[in-house]
Amino acid sequence: SSRVKLRPTTIIHETRRESMITGDQTHHRSALGDLVDIHSGYLFRDGYVPDAESKHKAVQAKDIDLATRTMRAPDFCVHLSATPQPQHYIKENDILFLAKMNPLAIYIEHSQPNLIASSYFFILREKSDEILPTYLACYLNQKPSQSYFRSVGQGSTILNVTKRDLM
């Protein structure tokens with residue numbers, strides 16, 4: 001018998017809305033790109049230059065605690081060579097996906113104003129209320145997903161997962 005092998009970025013989930021007729025939750029298969037918008041972080045062309053006049057802080061890879069899968073508050077305000085786009089700002093219920101080094105999904109429960117993600121990250125932002133971001137972050141951190149990211153990631157020294165790998 002042939003079995004369908006799903007990419008870990010094909011999410012099997014229960015919808016948040018229960019069926020009006022049966023009261024049961026139904027299962028769906030969705031590609032990650034169908035559930036969330038995936039945006040690249042802000043590219044710092046001049047590096048991370050402290051700027052006391054700036055109101056922006058940037059989350060870098062060093063701000064992620066790999067053991068607890070949490071984000072620490074960035075240390076300083078940074079100079080921006082260009083105005084960030086709205087998708088660069090981190091919001092509540094976003095998922096920060098560390099795409100370089102160790103692929104890792106971090107659920108953002110609370111955010112600060114003017115906090116942007118650096119280009120080490122993708123920001124996954126829910127398109128609808130069909131899936132809980134906390135569930136999705138947990139799903140992306142499970143062994144099958146992590147194995148998939150390591151198998152498709154590029155780079156011999158520093159692993160790099162692309163947006164296409166997430167779709």
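**Exercise 1. Classify Cys77 and Cys138 by burial, then count the disulfides.**

Step 1: Cysteine 77 has a relative accessible area of 21%, so it is partly exposed; buried means under 20%, exposed over 50%, and partly exposed in between (1.4 Å probe, protein chains only).
Step 2: Cysteine 138, at 43%, also counts as partly exposed.
Step 3: Now the disulfides, that is, pairs of cysteine sulfur atoms within 2.5 Å: the structure holds zero.

A quick word on the ground rules: this is a predicted model, where local features need pLDDT of at least 70, side-chain atom pairs count only at pLDDT 80 or more, and totals for chains, interfaces and linings use all residues. Residues are numbered from 1 along each chain as its sequence is written, and side-chain values use heavy atoms, with hydrogens and water left out.

**Exercise 2. Describe the secondary structure of the protein and its order along the sequence.**

Step 1: Count four helices and ten strands, taken as DSSP runs numbered from the N terminus (helices H or I, at least four residues; strands E, at least two).
Step 2: Reading along the sequence gives β-β-α-β-β-β-β-β-β-β-β-α-α-α.
Step 3: As for burial, 38% of the 167 residues are buried.

**Exercise 3. Work out the surroundings of Phe97.**

Step 1: Find phenylalanine 97 in strand E7, residues 95–98.
Step 2: Its relative accessible area is 0%, so call it buried.
Step 3: List its contacts (heavy atoms within 4.5 Å). Setting aside neighbours within four places in sequence, Phe97 meets Pro103, Leu104, Ala105, Tyr120, Phe121, Phe122, Leu124, Phe149, Val161 and Leu166.
Step 4: For a distance check, go C-alpha to C-alpha from Phe97 to Tyr107: 8.8 Å in space, ten residues in sequence.

**Exercise 4. Is Arg125 buried or exposed, and which backbone oxygen lies 2.7 Å from a polar atom of its side chain?**

Step 1: Arginine 125 sits in strand E10, which spans residues 121–126.
Step 2: With a relative accessible area of 14%, Arg125 is buried.
Step 3: The oxygen belongs to the backbone of tyrosine 89.
Step 4: Beyond four places in sequence, Arg125 touches several residues, including Leu35, Asp37, Tyr89 and Asp94.

Methods. Polar contact = N/O pair within 3.5 Å; in protein donor to acceptor, adjacent residues only side chain to side chain.
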